[in-house]
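How do charged side chains and cysteines find partners, or fail to find them, in a folded chain? Please look through the structure below with that question in mind.

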Amino acid sequence: MRRKPEVPTLLAISDRRLCGGTSGLEHWARSLPAGVAVQLREKDLDPAVLKEIGRTLREAVSGLLIVNGSLEVAVDCRADGVHLRSDQPWAKAAPVIHARGLLLGVSTHSRRELEAATAAGADYALFGPVFASPEKARFGPPQGIERLKRAAQGPLPVLAVGGVAPSNAPGLARAGAHGVAAIRAFAEPDRAAALAGAWKLETGTLPPP
């Protein structure tokens with residue numbers, strides 16, 4: 001069995017609508033700062049199309065590649081992990097995903113879901129929306145920094161999601177988040193570099209000059 005990768009601290013979530021369509025995803029992935037993990041999240045596409053995109057991203061991504069929602073696609077494109085939605089069967093999927101040596105990430109929006117993620121054997125959880133975000137509005141009002149702090153005190157590494165930006169990344173790190181995940185903040189190269197730089201500066205993980 002392959003050795004399971006470490007949980008990422010910077011996770012860029014794909015959205016082809018923001019990067020020139022399906023054909024723009026490879027350029028987007030290559031434009032990300034070195035070491036940023038990518039989550040392939042194009043939920044409306046057929047598995048065959050996702051596999052093709054996944055193979056392309058596998059060659060383009062310098063960091064980890066995580067596939068949203070499908071172990072089949074993840075295995076096909078030699079991804080490093082699978083991310084499951086809050087309505088998917090975490091406990092049932094976990095043994096199969098772990099047997100492949102893959103990371104299991106899950107989406108959570110409450111303390112109860114975080115506890116369920118821990119019990120299911122998830123390796124990390126996205127928690128949010130911490131701040132207002134158009135992509136996360138359907139999950140309710142923003143959780144805020146105080147709830148993030150409480151979430152980060154549990155045993156599971158928590159990545160803050162929802163409204164993440166270069167300006168608030170240091171505060172998320174100080175709140176105890178293991179990392180941050182975002183769509184829009186990683187969609188443009190300059191902003192992605194600013195977010196990665198702000199996080200690494202706050203957490204002391206900038207490479208030596």
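The paragraphs that follow take up the salt bridges and then the cysteines.

What you have in front of you is a predicted model, and the distances and accessibilities discussed here are computed from it. Side chains of opposite charge can pair when their charged atoms come close. In this structure the count of such salt bridges comes to 12, and a few of them, taken one at a time, show the kinds of surroundings in which they occur.

Begin with R17 and D15, whose side chains meet in a salt bridge with a distance of 2.6 Å from N to O. The two partners sit in unlike surroundings, since R17 has a relative accessibility of 69% and therefore counts as exposed, the threshold being over 50%, while D15 has a relative accessibility of 9% and so counts as buried, the threshold there being under 20%.

Another pair is formed by R85 and D87, where the closest N and O atoms of the salt bridge are 3.0 Å apart. Here R85, at 29% relative accessibility, counts as partly exposed, whereas D87, at 60%, counts as exposed.

Now turn to helix α6, which covers residues 144-152 and contains both K149 and E146. The side chains of these two residues meet in a salt bridge of 3.4 Å, taken from N to O. Where do the partners stand relative to each other along the helix? Because K149 and E146 are 3 residues apart in helix α6, they are separated by about one helical turn. K149 counts as partly exposed at 34% relative accessibility, and E146 also falls into the partly exposed class, with 47%.

Salt bridges can also be followed beyond a single pair in this model, for R16, E42 and D44 are linked in a network of them.

The cysteines give another picture. A disulfide is a covalent bond between the sulfur atoms of two cysteines. How many disulfides does a search of the whole structure find? The search finds 0, and the distances help to explain why C19 and C77 are not joined: the sulfur of C19 is 16 Å from the closest cysteine sulfur, which belongs to C77, and this is too far for a bond, given that a disulfide needs the two sulfur atoms within 2.5 Å. Seen from the other side, the closest cysteine sulfur to that of C77 is in C19, again at 16 Å. Both residues are buried, C19 with a relative accessible area of 16% and C77 with one of 2%.

Key:
Residues numbered from 1 in each chain as written. Predicted model: local features only at pLDDT ≥ 70, side-chain atom pairs only at ≥ 80, totals over all residues. Heavy atoms only, no water. Salt bridge = Lys/Arg side-chain N within 4 Å of Asp/Glu carboxyl O. Buried < 20%, exposed > 50% of the residue type's maximum accessible area, 1.4 Å probe, protein only. Helix = DSSP H or I, 4+ residues; strand = E, 2+ residues; numbered from the N terminus.
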